[in-house]
Each structure stands twice: as structure tokens, then as C-alpha cells.
Amino acid sequence: MRILVVEDDAPLAKFVAKGLEEEHYAVDTVHDGEQAKSMACEVEYDLVILDLNLPKLDGFGVLQQVRDHKRCPILVLTGRTRLEDRVRVLDGGADDCLLKPFSFAELSARVRALLRRGVSAAQFKLRVADLELDRVQRTVARSGRRIELTSKEFALLEYLMRNAGRRVTRTMIIEHVWNLKFDTGTNVVDVYVNYLRRKVDSEFPTKLIGTVRGVGYEIRPEGVEASVCQ
């Protein structure tokens, strides 16, 4: 799942992003309201974490702009203690409000609660054959056996599973998982696919992740045919 963190306090933004990435979320960070408005309205996010005190356009303005275009959950962070501000935030379309200072454990719990609200059970649990990925709890298991993945491995596997049975190119993967333009000189996608194969496929008779020559990769519920693999 992809989260946008909007926070003008750079150290705090880095702290929040690092904690979320360690829990296998894909995280983008911006530091002003204009950037936040553009990113939130143009990119598909599963959740926006929004500070109120922002340069260029304040959090209330961002909230209004996003709500005019998207229905993704919005968690507001604020140091404002007045009840009127919190009421205004919630009436303005925010789904939750967390006062600063806060513990990361509470932030993480609120994120999970909002994500559960935002998707159906069928959407937050992805299954391909005996492989299961829980998008909210951030866990992966195959045949009931827990598989530990890094944040980027998890994001890559989630993208492949959401496109199960469909061939995805290296360009599609790098743009969706790394949020970058594809560089023909990089082999980062191939490297991470190999990491995944070692963890997801190597100890099981049915291989799910296949390489499509000249195209990219795919994950198949019925297993990968030898003809598509390198």
C-alpha cells in the first residue's frame, strides 16, 4: 500500500516515513501544501497523512482540494489543541486526527484502522495459489509458512500479486514500486525479483514468479510454464 506523508518538519517526516517503510508501506514525502495537493490529486494513494501547518498552502486547503478529487483516507497530524480546530478538520473531510506529540505505535495503529476501513476484506488480502499477502497487517505466507520480506520486496510482491496472470514490464514495475522513471541501465528490478524468488519460490515445487523474455515478469496462480522463464 502507498502512503503520502505531508509534513514540513523534515526530521519528523523522515521519522514517520522510516517507521512506515519498516512496516512495508511504500511512502512518498512532501513538505509543502502545493506539492501535497499535486501529489495527492495526481497519484493513487491508499492513505494521506497530513500536517496542518504547511507553507504555500495550509493543511485545511490541501484537505479541501483532495476531498474535491479523491476519497482516500486522510489522517491529520496537528499540534493545535483547540477543540474547534479538530472539529473543523473532521467536518472538512478528514477521517481521523492525531495530536502531536504522538507515539509511532499509535500512529501505526490508526493507519491500520483507516486502511481496514478503506478496503474490503477481499482487497486487503491477496491470494495467488497457496501464497497469501495481507496488505493491512503487512504479512506474507505460503502454505501457512510465514515469509519475511524487506519493505521493497513486499511492495514488489504486492504489485505482482495485484496483477496476477498479467505480464508487467520492468518500466511498469519501476514506476509503481520505486516511483521512478525507468532507466535502461539499471537492473534493480531483476535483482529484487531474484530476491523474491529465493524467498517465495525456491523451497516450493510450484514456481509462481516467471520471467517473460523481452517483456518483464508475471505471477501465475497455476504456476509458471518453463517456456516463459529465462
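**A predicted two-part view: helix α7 and its surroundings, and the annotated N-terminal span**

Glu-153, Phe-154, Ala-155, Leu-156, Leu-157, Glu-158, Tyr-159, Leu-160 and Met-161 are the buried residues of helix α7. The model is a predicted one. Helix α7 is thus mostly covered, with nine of its 12 residues buried. From the first C-alpha to the last, α7 reaches 17 Å, close to the 16 Å expected for its 12 residues at 1.5 Å a residue.

One of the buried residues of α7, Glu-158, is linked to a loop residue by its side chain: a polar contact of 2.8 Å joins the side chains of Glu-158 and Arg-135. Arg-135 is located in the loop between β7 (131-134) and β8 (139-142). The relative accessible area of Arg-135 is 5%, and because buried means under 20%, Arg-135 is classed as buried.

Helix α7 is also among the packing partners of helix α8. Helix α8 spans residues 170-177, and its buried residues are Arg-170, Met-172, Ile-173, Ile-174 and Val-177. These buried residues pack against α7 (151-162) and α9 (188-200), and against the strands β10 (168-169), β11 (209-212) and β12 (216-219). Just after α8, a positive phi of about 55 degrees is found at Asn-179.

Strand β12, one of the elements packed against the buried residues of α8, is followed by a segment that contains Arg-220. The side chain of Arg-220 makes a polar contact of 3.0 Å with the side chain of Glu-218. Arg-220 has a relative accessible area of 12% and is buried.

The protein as a whole contains nine helices and 12 strands. Its radius of gyration is 19 Å, close to the 17 Å given by the globule rule for 230 residues, so the protein is as compact as a globular protein of that length. The C-alpha trace spans about 65 × 40 × 30 Å along the principal axes. Buried residues make up 50% of the 230 residues. Of the contacts with a separation of 6 or more, 56% are between residues 24 or more positions apart. The exposed area of the protein is about 11,300 Å², of which carbon and sulfur atoms supply 49%.

Residues 2-115 are listed by UniProt, in an unreviewed entry, as "domain: Response regulatory". This span is 48% helix and 21% strand, and its end C-alpha atoms lie 11 Å apart. For Asp-51, UniProt lists "modified residue: 4-aspartylphosphate", again in an unreviewed entry. Asp-51 is located in strand β3, which covers residues 47-51. The relative accessibility of Asp-51 is 2%, so Asp-51 counts as buried. With its neighbours within four places in sequence left aside, Asp-51 is in contact with Val-6, Glu-7, Asp-8, Gly-59, Leu-77, Thr-78 and Lys-100.

Two helix residues were examined in the same way. Val-16 belongs to helix α1 (residues 10-22). At 1% relative accessibility, Val-16 is buried. Not counting residues up to four places away in sequence, Val-16 touches Val-5, Ile-49, Phe-102, Phe-104 and Leu-107. Between Val-16 and Leu-126, which are 110 residues apart in sequence, the C-alpha to C-alpha separation is 26 Å.

Met-39 belongs to helix α2 (residues 33-42). Met-39 has a relative accessibility of 24%; because this value falls between the 20% and 50% limits, the residue counts as partly exposed. Residues touched by Met-39, apart from those up to four places away in sequence, are Leu-4, Asp-28, Val-30 and Tyr-45. Met-39 and Leu-20 are separated by 19 residues in sequence and by 18 Å in space, C-alpha to C-alpha.

Terms used. Residues numbered from 1 in each chain as written. Predicted model: local features only at pLDDT ≥ 70, side-chain atom pairs only at ≥ 80, totals over all residues. Heavy atoms only, no water. Buried < 20%, exposed > 50% of the residue type's maximum accessible area, 1.4 Å probe, protein only. Helix = DSSP H or I, 4+ residues; strand = E, 2+ residues; numbered from the N terminus. Contact = heavy atoms within 4.5 Å. Polar contact = N/O pair within 3.5 Å; in protein donor to acceptor, adjacent residues only side chain to side chain. Expected span 1.5 Å × (residues − 1). Rg over C-alpha atoms; globule rule 2.2 N^0.38 Å. Areas by Shrake-Rupley, 256 points an atom, 1.4 Å probe, with all protein chains shown as cover. UniProt positions renumbered as here; feature names shortened; annotations may be inferred.
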